[in-house]
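Biologist: I would be grateful for a close look at a single part of this protein. Please choose one strand and follow it outward to whatever surrounds it.

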Amino acid sequence: MFDRVLVERLAAETVTKGGIMIPEKSQAKVLQASVVAVGPGSTNKNGKVTPVCVKVGDKVLLPEYGGTKVTLDDKDYFLFRDGDILGKYVE
């Protein structure tokens, strides 16, 4: 996987805080995901491995477009490069 990160997008909100149901067409694309697997990192010019910034279990912020969709065991996952991830949520 090199510098790739396998993520699972979090579920979209289907009900507002006030209890109103949101139709599927109006639901925004979810940009939050949970990291499922991480590669060791990429190799730089000197041959040293640059580790990935996130680890398994982290919650990350994704770009609106991009990533490669992968289906495993009837679940949808997405592969992103480490550099494409916009941020990591810290609790």
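Modeller: The following account takes strand β2 as its subject and works outward from there. The model is a predicted one, and every value below is computed from it.

β2 spans residues 32–38. Its place is within an open sheet of six strands, ordered β6-β7-β1-β2-β5-β8 with antiparallel pairing. The edges of that sheet are β6 (68–72) and β8 (87–88), each of which pairs on one side only. In the sheet order, β2 stands between β1 and β5.

On the β1 side, β1 and β2 are antiparallel and joined over five bridges. On the β5 side, three bridges connect β2 with β5 (residues 59–61), again in the antiparallel sense.

One residue, A33, takes part in both pairings. Its bridge partner in β1 (4–9) is R9, while its partner in β5 is V60. Setting aside residues up to four places away in sequence, A33 touches V7, E8, R9 and L10, together with D58, K59, V60 and L62.

A33 also belongs to the largest nonpolar core, a set of 11 residues. V35 is a member as well, and the remaining ones are V5, V7, V52, V54, V60, L62, F78, F80 and I85. At least two residues of this core come from each of β1, β2 and β7 (75–81). As a general point, side chains in a regular strand alternate between the two faces of the sheet.

Farther along the sheet, β7 is paired with β6 in the antiparallel sense over five bridges. Within that pairing, T68 lies opposite L79 of β7.

At the start of β2, Q32 is among the residues lining the largest pocket. That pocket holds about 170 Å³ of space. Its lining also includes L10, A11, A12 and E13, as well as I22, S26, Q27, A28, V30 and L31. Sorted by class, the lining comprises seven nonpolar, three polar and one charged residues.

Beyond the other end of β2 comes G39, in the loop that leads to β3 (42–43). G39 counts as buried because its relative accessibility is 8%, and the cut-off for that class is under 20%. Apart from neighbours within four places in sequence, G39 is in contact with M1, F2, R4 and V52. Of these contacts, V52 is a residue of the nonpolar core described above. The C-alpha atoms of G39 and P51 are 8.4 Å apart, although 12 residues separate the two along the chain.

Methods. Residues numbered from 1 in each chain as written. Predicted model: local features only at pLDDT ≥ 70, side-chain atom pairs only at ≥ 80, totals over all residues. Heavy atoms only, no water. 1 Å grid on protein atoms, 1.4 Å probe; cavity = no way out; pocket = protein on both sides within 12 Å on 5 of 7 lines; lining within 4 Å. Points joined across faces, edges and corners; volume = space filled by probe spheres on them. Nonpolar A, V, L, I, M, F, W, Y, C, P; charged D, E, K, R; others polar. Helix = DSSP H or I, 4+ residues; strand = E, 2+ residues; numbered from the N terminus. Buried < 20%, exposed > 50% of the residue type's maximum accessible area, 1.4 Å probe, protein only. Contact = heavy atoms within 4.5 Å. Core = buried A, V, L, I, M, F, W, Y, C linked by side-chain atoms within 4.5 Å. Pairing = 2+ DSSP bridges.
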